[in-house]
Number of protein chains: 2
Amino acid sequence: MSWIRSYESIRDFDFETEVAVVGFGGAGGCAALEARRAGRSVMLFERSSGAGGSTALSACEMYLGGNGGTALQKALGIEDTSENFRAYLDACFGNNCDPDRVSMFVDGAAQHFDWMEALGIRYNRSLFSGRDVVAMTGDSLQFSGNERVNWFAKRSKPVPRAHLAADADHNGGQVVMAAVIRNVEEAGVDIRYDARATALIQDAHGAVRGLVVRMDNRDYTVRTSHGVILCAGGFIMNELMTRQHIPHLEGISTRHGNPGDMGDGILMGVAAGGQAINMGQAFFGIATYPPADLTYGILVNGNGQRFVAEDSYIARIGDAALKQPDGEIYMFIDNRHFDRPHYVQGIEIVAVGETVAEVEAEAGFTEGTLQHTVEFYNTHAAEGRDPLFDKAANWLEPFDTAPFALVSYRLADIKQTAFTLGGLDVLPTGEVVTPNERAPIPGLYAAGRTVAGIPRTGAGYASGMSVADVTFFGRAAGRQAAAAKPNNALPAGADAAEG
Amino acid sequence: MSWIRSYESIRDFDFETEVAVVGFGGAGGCAALEARRAGRSVMLFERSSGAGGSTALSACEMYLGGNGGTALQKALGIEDTSENFRAYLDACFGNNCDPDRVSMFVDGAAQHFDWMEALGIRYNRSLFSGRDVVAMTGDSLQFSGNERVNWFAKRSKPVPRAHLAADADHNGGQVVMAAVIRNVEEAGVDIRYDARATALIQDAHGAVRGLVVRMDNRDYTVRTSHGVILCAGGFIMNELMTRQHIPHLEGISTRHGNPGDMGDGILMGVAAGGQAINMGQAFFGIATYPPADLTYGILVNGNGQRFVAEDSYIARIGDAALKQPDGEIYMFIDNRHFDRPHYVQGIEIVAVGETVAEVEAEAGFTEGTLQHTVEFYNTHAAEGRDPLFDKAANWLEPFDTAPFALVSYRLADIKQTAFTLGGLDVLPTGEVVTPNERAPIPGLYAAGRTVAGIPRTGAGYASGMSVADVTFFGRAAGRQAAAAKPNNALPAGADAAEG
């Protein structure tokens, strides 16, 4: 199957539109809305029977800040300068960052909150300051990443940046997408469901001038004067691509996404001359919390060695766990702090004992490994410090309440969720660019997990970074396409005659 | 810059050949030779002023075995079944493996040794059984990877598989390439130097039918009836691509390759409809040996924790080092075993002391970290075992000879060598395939580090795996192209008139 149809080979088009958007998740919805609000005719094609994409599956925390703070941060007296926000993102993603994208994001993220709120999404002016993946308290602001982990806190003042819609707990994505969908519909976007984009239409000069869409078992040609915006999701549902690009997650993870996350947008963009980057990176979390009390536990590998600050975000814990030999991951904890993890199914209590030595022996660990780790930890925890991994002092308490337990988080057993963080290389404007020169491909834009965005590694991920990125840069792509110089000087078929 | 020229747009071609090969390193040389020996006219284009590629820069150990053993293995009484060879490669690369490629390799690798020897390369029938990256003894067979590391030895019987040319030590690549070049010249391949391929020529049906080559500041068109074989190396010299695909090595590595390793072959293949995979993987070695005696040392991270079996191959040590926090890597060793590492420049002796406690304190490690690690190691080493990382018993000796030292291998200081292991997805025959369907692109082949080959991770790499892969599969691509059905029914320009 070819992802490209020649423009010159098509005499008549079935549809004409100024802007076409592929995929009606968070990115595609926001892209379509901005292009339409800028006065363009917009067709939006969604391969499933309803809108939402993977954004609707998420809790839809929006990771926003900078510019002194969002309206919600400011209302709570929380300051977040752009420099501070940027320092945090730099600490999160290091060499994987695209600095231009980060600049545009920290400059505009606070205003993006106003824009989202103006869609009709309600946010309560209240903070949840506890430790949870998603606040279930009705509060609309929370810490959702590694902000308070000392390694990060030394590089950027900890600020809560995850903005949760009111009237939502785990279904925030549906609350947010309901507002996006309503606005897209009201704006007059021409929405087509059960409509799968199967190819881009590209002219002999390399410009993208439309797409082919499969509807009702027929291929329709769509001509665009201002551009095609690919917002077709990532590739976590594509078994071959995940085996090729993130083989390290095979057998130890479950796929998180909607059925359309097949990588089509990425492959189409590459076929048109773009480049896929960051393809080996993925979100892979280990939800050791909630309950927050489990943060008092310590995580060890099969050698009884600690390997991460246990107050880290779930994806940072996942990243560190992947670096341990053979996926052998355990939590040691005492009776005072133990509780069933809320999200991880199938944990197994490997050993319980009145002493650490007993637990160590029962678990089959080499004598002296776990005992040393716990002793060393206890000694320093009693002094309020963690010289190895710098877990924050409020999570440091010596283990002193028997029985003690070792709980298995062996990766192959708990199969935690994963989704992809690689995709097309784009300018912050959404323009898909070529390798080497990074020259924009005329008429082609992309956003959402079809591109390599702000969140580029599990080690630096925080809840809400992806949906913030997809909506923010989806909007940017919509505006950019709307403002593009039209590529419609020649009627359909004229090029072929001319050529 | 576009990597594709339309076949139909070209009226007259400057050159006609049955097979064209891009790049005259190990892969390109072997591909050209096999295609020529099969009776095809072959043009071979090399962008630099001489042949050799990155193969000539290597020691050119050839990692071969299976089928009971190569002629050299057998002469030394060493048996190596295909099952054993395969088990080793599976242990090396796990989910990253391409099983079909591995099958073809283990089936044919022993015969490949005969073929290489028949080129006129001499191999001594003698074994070096010591531990070194490259034997400097005149012996032509050695262990060059993790074969004797217990984790691997439990999965595959340890067998030496690195075949070194006689009359070579570090310059084996030049010895081998001299023979390849001589054979290619004698076979009547039309070789063009200072000839850079700048685009593939593809027809409207997607078939590759030639290429554009820049020579003497002019673009020449080359029409091929049987195929183009891309053997243009990896992308380690491309600063943008390495930042985009292997950002984790930025600032801590030096680039190993020839100046042509710019990724052109990969980008051309992708532009023609192929897919680049495994792009985030690279060889990154830490040459803690030779001298072999340094294997008695233990490697620790900044927390004083061991993290790898120290008898591992340099790239496995590098891989494990990359997983430690902040690139803080050290070797602890006693006076009995210390010696200057031969390859690593700029090591710094961080601390020396009469006791481990003294070293620990002087190095600024948290009290009790290094001491515990050494004590624990000593206790078990005295019993001939390493319960944590299973270093082989012959490398286990308690540290007992003061003074003791901690030597820095901080990654940012020692900047060890790296090269890329990602590239085009191909069938074992060298046919470049599309994403998803993995359908061959007619007329397009690739080999060498332009493709994702046998060696796919640093964790499983062994010296000689890459040159074995590039020569073996270079040959396969040459044969496959030579045997292809010719795509020359229409003369140049005829398609354009027809279309």
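User: Before we look at the sheet, when do two strands count as paired?
Analyst: Two strands pair if DSSP finds at least two bridges between them. Please note also that this is a predicted model.

User: Fine. How many bridges join β14(A) to β19(A), and do they run parallel or antiparallel?
Analyst: Strand β14(A) is joined to β19(A), residues 416-420 of chain A, by three bridges, and the two strands run antiparallel. Within this pairing, A:A282 stands opposite A:T420, and A:F284 has A:A418 as its bridge partner.

User: And β12(A), in which sense does that pair with β19(A)?
Analyst: In the parallel sense, over three bridges. One of the residue pairs here is A:R255 with A:A418 of β19(A). A:A418 is thus the bridge partner of A:R255 and of A:F284.

User: So what is the strand order of the sheet?
Analyst: The order is β12-β19-β14 in chain A, an open sheet of three strands with mixed pairing. Because β12 (253-255) and β14 (282-284) stand at the edges with a single partner strand each, one side of each has no neighbour in the sheet. From one strand to the next, the twist averages 35 degrees.

User: Is β19(A) mostly covered or uncovered?
Analyst: Mostly covered: four of the five residues of β19(A) are buried.

User: Which helix lies across β14 and β19 of chain A?
Analyst: Helix α9, residues 314-322 of chain A, lies across both strands and runs at about 95 degrees to β14(A).

User: Changing topic to helix packing. At roughly what angle do α1(A) and α13(A) cross?
Analyst: The axes of α1(A), residues 26-37, and α13(A), residues 465-483, cross at roughly 30 degrees and come within 7 Å. The crossing is right-handed.

User: Which residues of the two helices meet?
Analyst: From α1(A), the residues include A:G26, A:A27, A:A31 and A:E34; among those they meet in α13(A) are A:V467, A:V470, A:G474 and A:R475. By class, the contact of α1(A) with α13(A) has 11 nonpolar, five polar and three charged residues.

User: Now the two chains. What turn lays chain A on chain B?
Analyst: A turn of 180 degrees, with a shift of 0.0 Å along the axis, superposes chain A on chain B with an RMSD of 0.0 Å. The two copies are therefore related as by a two-fold rotation axis. Both copies use the same surface, since 100% of the contact residues of chain A recur in chain B.

User: How many residues does each chain give to the contact?
Analyst: Chain A gives 34 residues and chain B gives 34 residues. On the side of chain A that touches chain B, α7 (239-245), α8 (264-271) and α11 (369-381) each supply at least two residues. The largest share, four residues, comes from α7(A). The residues on that side of chain A divide into 14 nonpolar, 16 polar and four charged.

User: Anything odd in the backbone? Where are there cis peptide bonds in chain A?
Analyst: One cis peptide bond joins A:P290 and A:P291, with omega about 0 degrees. A:P291 lies in the loop between β14 and β15 (298-301) of chain A. Another joins A:A402 and A:P403, also with omega about 0 degrees. A:P403 is in the loop between α11 and β18 (404-408) of chain A. As background, most peptide bonds are trans, and most residues other than glycine have a negative phi.

User: On phi, what value do B:N67 and B:D326 have?
Analyst: Phi of B:N67 is near 60 degrees, a positive value in a residue other than glycine. The value for B:D326 is likewise near 60 degrees. B:N67 sits in the loop between β4 (62-63) and α2 (71-75) of chain B, and B:D326 in the loop between α9 (314-322) and β16 (329-334) of chain B.

User: How exposed are they: buried, partly exposed or exposed?
Analyst: B:N67 is partly exposed, because 19 other C-beta atoms lie within 10 Å. B:D326 counts as exposed, because it has 11 C-beta neighbours inside 10 Å. The cut-offs are 20 or more for buried and 12 or fewer for exposed.

User: Last one: where is B:Y7, and is that residue buried or exposed?
Analyst: B:Y7 is in the loop between β1 (4-6) and β2 (15-22) of chain B. With 25 other C-beta atoms within 10 Å, B:Y7 is buried. From C-alpha to C-alpha, B:Y7 and B:A207 are 9.2 Å apart in space, although 200 residues apart in sequence.

Technical notes
Residues numbered from 1 in each chain as written. Chains lettered and ligands numbered in written order. Predicted model: local features only at pLDDT ≥ 70, side-chain atom pairs only at ≥ 80, totals over all residues. Contact = placed C-beta atoms within 7 Å. Nonpolar A, V, L, I, M, F, W, Y, C, P; charged D, E, K, R; others polar. Axes fitted to C-alpha atoms, helices over the stretch in contact; angles between N-to-C directions. Least-squares fit on C-alpha atoms with pLDDT ≥ 70 in both. Left-handed = near helix turned anticlockwise from the far one by under 90°.
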